[in-house]
Amino acid sequence: MRVISRMMARRVAARSLAVFGFVGVIILTTQVLNQASKLVEASSSLWLVVRLLVLFVPTIAVVILPVAFLIAVIQTYDSMDENLETAVVQATGAGPWTLLAPAALVGAGVATIVLLTSLFVEPAANRAVRDLLGTVQLDAIQIIATDGVLREVEPGLFVRGGAQSGDGQINGIFILDRRRASGEILYVAERGQLVRDQGRIRLEIFNGTLLVRNRAGAEEQRVSFGKYITEPEAFFGTVETRFGARHATTAELLRQLGTDNDARARSELVRRSTDWLYPVLFVALAAALTSRAVPSRQAGLRRWRLPLAVVIGGGLRVLGLAILGPAGQGVLALAAAFAVPLGGALIFGILAGQRITGLRANGGGA
């Protein structure tokens with residue numbers, strides 16, 4: 001029986017990795033292509049693209065890996081039923097749990113991987129992606145800003161610069177920021193440069209004017225300066241998009257509870273605390289579906305198990321994701337975020353248990 005369990009566990013694990021690899025490559029490629037304009041403008045290397053691909057893996061793994069596991073489990077049992085391997089195993093006197101135990105074992109492994117990834121690996125990877133794309137964007141902006149053409153580097157932000165001098169300074173800086181709902185900010189300076197200081201990048205512009213105008217175009221404030229220093233994030237990415245909850249470590253999120261960022265931190269903590277429960281839910285779902293098919297009598301049902309599993313499992317996963325936003329603001333939504341995977345696992349587990357009990361009473365197997 002141990003040989004059978006190990007064989008089935010290897011099949012489930014191998015199929016899970018295959019499905020995850022297939023879907024993951026598509027999603028990873030899409031993620032990198034979304035940054036294609038920045039990568040091209042910054043003349044980025046192939047090594048940078050590879051680093052992005054690797055860093056995106058943890059983010060997609062916590063969502064895709066449990067679904068890949070569900071598909072793999074159903075495919076494995078469908079294949080065994082089709083090849084009459086299930087009947088052979090049952091003929092040896094093995095009980096229904098002999099067939100279900102390997103899936104539960106692999107599911108526990110997937111749940112552990114997802115939990116550790118959500119709590120520790122994914123936040124670190126998200127930070128690395130943020131920093132890497134920030135560097136690429138600044139590189140692209142510096143290249144764009146030296147061709148003398150006014151360009152929109154991101155929605156509502158326009159940059160133009162003249163020729164670059166031998167010391168790296170850009171002559172003739174013009175920055176127009178229209179991203180504020182209340183109006184626009186205009187920076188005009190004689191020259192400027194990006195400076196790296198103690199691991200941080202600063203934007204320095206010299207001999208210029210800062211002009212603030214309202215939505216009607218009326219001047220509200222004008223300041224002349226000899227030197228203006230700011231972190232580039234003030235221009236090229238907001239705090240919300242560059243330093244969001246998904247970039248914070250779990251310890252940092254816990255410290256944010258009770259502060260102004262409480263709702264966002266609570267929502268992200270709920271996500272990290274519930275991601276790992278979906279492999280548990282999918283084990284119960286697979287058990288409920290596979291324990292109801294007797295190969296010799298219900299071959300027609302077998303054809304519908306995989307799409308049915310994907311619809312039910314995917315629907316519950318989407319529902320869980322939809323609850324995350326409200327979960328950061330209300331107790332009921334927070335409870336619902338845990339109730340979806342745990343309640344689903346309980347319901348499908350009871351259904352599977354009842355069916356298995358009935359099969360045992362009739363002398364059948366899973």
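In this predicted model, Glu 85 and Arg 11 form a salt bridge, with their closest N and O atoms 2.8 Å apart. The two residues come from distant parts of the chain: Glu 85 sits in helix α4, residues 85-91, and Arg 11 in helix α1, and 74 residues separate them. Arg 11 counts as partly exposed because its relative accessibility is 27%, and the partly exposed class lies between under 20% for buried and over 50% for exposed. Side chains of opposite charge can pair when their charged atoms come close. Across the whole structure, a search finds 16 salt bridges.

Another of these pairs is Glu 122 with Arg 246, whose side chains meet at 2.6 Å, N to O. Glu 122 belongs to helix α5, while Arg 246 is in the loop between α6 (239-242) and α7 (250-256), so this salt bridge ties together parts that are 124 residues apart in sequence. The two partners differ in cover. Glu 122 has a relative accessible area of 1% and is therefore buried; Arg 246, at 33%, is partly exposed.

The pair is also part of a network of salt bridges that links Glu 122, Arg 246, Glu 268, Arg 271, Arg 272, Asp 275 and Arg 317. Arg 317 lies in helix α10 and, with a relative accessibility of 5%, counts as buried. Apart from neighbours within four places in sequence, Arg 317 is in contact with Val 62, Val 63, Asp 275 and Tyr 278. Asp 275 is thus both a contact of Arg 317 and a member of the network.

From the charged groups the description turns to the nonpolar interior. The largest nonpolar core has 60 residues, and those with the most contacts inside it are Leu 52, Phe 69, Leu 70, Val 73, Tyr 77, Leu 281 and Phe 348. At least two residues of this core come from each of α1 (2-34), α3 (46-82), α5 (96-144), α9 (277-290), α10 (299-327) and α11 (331-361). Helix α3 gives the most, with 17 residues.

Phe 69 shows how such a residue is surrounded. Not counting residues up to four places away in sequence, Phe 69 touches Val 12, Ser 16, Ala 103, Val 106, Gly 107, Val 110, Pro 279, Phe 282 and Val 283. Apart from the largest core lies another, of twelve residues, including Leu 157, Ala 189, Leu 203 and Phe 225.

Two of the residues touched by Phe 69, Val 12 and Ser 16, are buried residues of helix α1. The other buried residues in α1 are Ile 4, Met 8, Ala 9, Val 19, Phe 20, Gly 24, Leu 28 and Val 32. This helix has 33 residues and reaches 47 Å from its first C-alpha to its last, close to the 48 Å expected at 1.5 Å a residue.

Helix α3 also has a side that faces outward. Val 54, which is in this helix, counts as exposed because its relative accessibility is 52%. Val 54 joins Leu 46, Trp 47 and Val 50 in making a nonpolar surface patch of about 450 Å².

A further region can be read through Glu 184 and Val 212. The side chains of Glu 184 and Arg 178 meet in a salt bridge at 2.9 Å, N to O. Glu 184 counts as buried at 12% relative accessibility, whereas Arg 178, with a relative accessible area of 47%, is partly exposed. Val 212 lies in strand β5, residues 200-214, and counts as buried at 10% relative accessibility. Although Val 212 and Glu 184 are 28 residues apart along the chain, their C-alpha atoms are separated by 6.0 Å. Leaving aside neighbours within four places in sequence, Val 212 is in contact with Arg 180, Glu 184, Ile 185, Ala 218, Glu 219, Glu 220 and Gln 221.

Some totals complete the picture. The chain contains eleven helices and six strands. Of its 366 residues, 44% are buried. Among contacts between residues at least 6 apart in sequence, 61% join residues at least 24 apart. The accessible surface comes to about 18,300 Å², and carbon and sulfur atoms account for 62% of this area.

Definitions and conventions. Residues are numbered from 1 along each chain as its sequence is written. This is a predicted model: local features need pLDDT of at least 70, side-chain atom pairs count only at pLDDT 80 or more; totals for chains, interfaces and linings use all residues. Side-chain values use heavy atoms; hydrogens and water are left out. A nonpolar core is a set of buried Ala, Val, Leu, Ile, Met, Phe, Trp, Tyr and Cys residues joined through side-chain atoms within 4.5 Å. Buried means under 20% relative accessible area, exposed over 50%, partly exposed in between (1.4 Å probe, protein chains only). Helices (H or I, at least four residues) and strands (E, at least two) are DSSP runs, numbered from the N terminus. Contact means heavy atoms within 4.5 Å. The expected span of a helix is 1.5 Å times one less than its number of residues. A salt bridge is a side-chain nitrogen of Lys or Arg within 4 Å of a carboxyl oxygen of Asp or Glu. Patches are made of residues with over 30% relative accessible area and no salt bridge: like charges are joined within 9 Å, nonpolar side chains (Val, Leu, Ile, Met, Phe, Trp, Tyr) within 5 Å. Accessible areas come from the Shrake-Rupley method with a 1.4 Å probe; for residues, only the protein chains shown count as cover.
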